[in-house]
Amino acid sequence: MAVRHFLSSLDFESAELAALVESALTLKHAGRGRGGLISGAPDLAGRVLALLFFNPSLRTRVSCESAMARMGGSTCQLSPGRDTWRFEDRPGVVMDGDTQEHVAELAPVLASMCDAVGIRKAELLTQDRASSASASYADLARDEFLQAFARHSEVPVINLESNSCHPCQGLADMLTLRELLEEPAGEPFVLSWAWHPKALPVATPHSQLLAAADSGMRITVLAPEGYGLAPDVVRQARERAEALGGSLVETQNPEAALKGARIVCAKSWGRLDAYGQSPEEARPADRLRGAWIIDEAKMARTDGARFMHCLPVRRGVVATSGVLDSPLSAVVQQAENRLWSTTALLADRLGG
Ligand code: CP
């Protein structure tokens with residue numbers, strides 16, 4: 001049977017993702033606050049998850065390590081380019097530059113020693129001028145290293161954030177929506193763009209959008225002109241939401257978006273046409289700063305909405321401390337749910 005990777009939530013039916021969420025809930029109830037091995041989780045003694053982090057991480061890294069440890073397994077951390085070789089993914093390339101190991105060898109070697117591989121590899125949206133020529137969003141969204149690695153891997157590959165999506169964040173957010181609303185289908189969800197001093201990638205908002213869609217919510221994407229998410233992702237999110245009785249609209253009007261909202265999920269992202277620009281060129285315009293922060297006044301326009309953010313969050317920039325410190329904020333619960341959703345995912349992939 002072909003190995004089943006976890007590269008994008010779009011590779012899975014909404015019902016399959018919902019089943020993982022229910023499994024995560026069960027594991028959370030069994031394991032939260034107790035420490036040690038999680039009762040009812042599969043025994044992963046002797047199983048190893050290799051982790052390749054090309055980019056910084058806190059929640060993703062710790063949730064993977066903790067999930068494996070709490071099922072009796074272990075992890076092997078690799079930081080490519082720092083404590084191991086520089087990897088190559090281009091087919092047919094003559095490797096006389098600065099890469100030393102091709103995924104054609106790397107993936108089967110890791111598969112021979114480990115039981116699953118997690119990869120975080122997201123190119124920055126902004127590039128220095130020397131490397132900007134090839135860095136359009138369309139190019140980067142192909143996630144060539146991740147896809148090449150998965151083609152060569154006989155063990156499950158888990159996307160820990162690529163250029164196109166961050167499905168582990170999406171799965172955790174589905175769990176959080178399920179907890180906050182119990183039955184999220186049909187409830188109003190706002191994904192709001194926020195100003196940020198640097199242009200950030202679109203992978204996380206893509207997966208947050210899909211999480212709300214796979215939960216059947218009535219979604220509003222609130223963003224200024226020019227900040228639309230990738231049209232193919234928006235289209236697929238709309239189709240998945242509608243299949244579950246939900247909907248998806250895009251607007252630049254905060255009044256219309258926030259009225260009646262039950263969830264406000266804030267995230268900053270850069271313009272798709274800014275990929276490859278210099279940090280100065282891609283920086284969101286300062287004129288957007290005051291209007292595009294989530295503050296108490298905005299939350300007051302909602303129907304007592306809970307506030308979500310994937311973290312890390314810049315206080316006083318993306319959201320006010322008043323919002324983040326209020327009882328409406330679910331950001332720590334949302335981050336903790338990275339552990340339980342990842343535990344469910346690894347139990348599903350490795351526990352059989
Ligand atoms: N939300 C998230 O992926 O956090 P990290 O970047 O810290 O892993």
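This short talk goes through the domains, one sheet and the two largest pockets of a predicted model.

Before the details, a word on conventions: this is a predicted model, in which local features need pLDDT of at least 70 and side-chain atom pairs count only at pLDDT 80 or more, while totals for chains, interfaces and linings use all residues. Residues are numbered from 1 along each chain as its sequence is written, and side-chain values use heavy atoms, with hydrogens and water left out.

Let me start with the domains, whose bounds come from an automatic or database domain assignment. The assignment gives domain 1, covering 9–165 + 338–350, and domain 2, covering 170–335. Their C-alpha centres lie 24 Å apart, and 33 residues of domain 1 are in contact with 36 residues of domain 2, contact meaning heavy atoms within 4.5 Å.

Next comes the sheet. Four strands form an open sheet in the order β2-β1-β5-β6, with parallel pairing; strands here are DSSP runs (E, at least two residues), as helices are (H or I, at least four), numbered from the N terminus, and two strands pair if DSSP finds at least two bridges between them. The edge strands, each pairing on one side only, are β2 (74–78) and β6 (157–159). Strand β1, residues 48–53, pairs with β2 in the parallel sense over five bridges, and within that pairing L51 has Q77 of β2 as its bridge partner.

Now to the pockets. A pocket is defined on a 1 Å grid over the protein atoms alone, as an open set of points where a 1.4 Å probe fits, with protein on both sides within 12 Å along at least five of seven lines, and lining residues have an atom within 4 Å of a point. Grid points are joined across faces, edges and corners, and a volume is the space filled by probe spheres set on the points.

The largest pocket has a volume of about 990 Å³. It is lined by 33 residues, of which F87, D89, K121, E123 and F145 are the closest to its centre. Elements giving two or more residues to this lining are β3 (87–88), α4 (137–140) and α5 (144–152), and α5 provides the largest share, three residues.

The second largest pocket holds about 770 Å³ of space. Of its 31 lining residues, R120, E161, L200, P201 and P312 are the closest to the centre. Which domains supply at least three residues each to the lining of this second largest pocket? Both domain 1 and domain 2 do.
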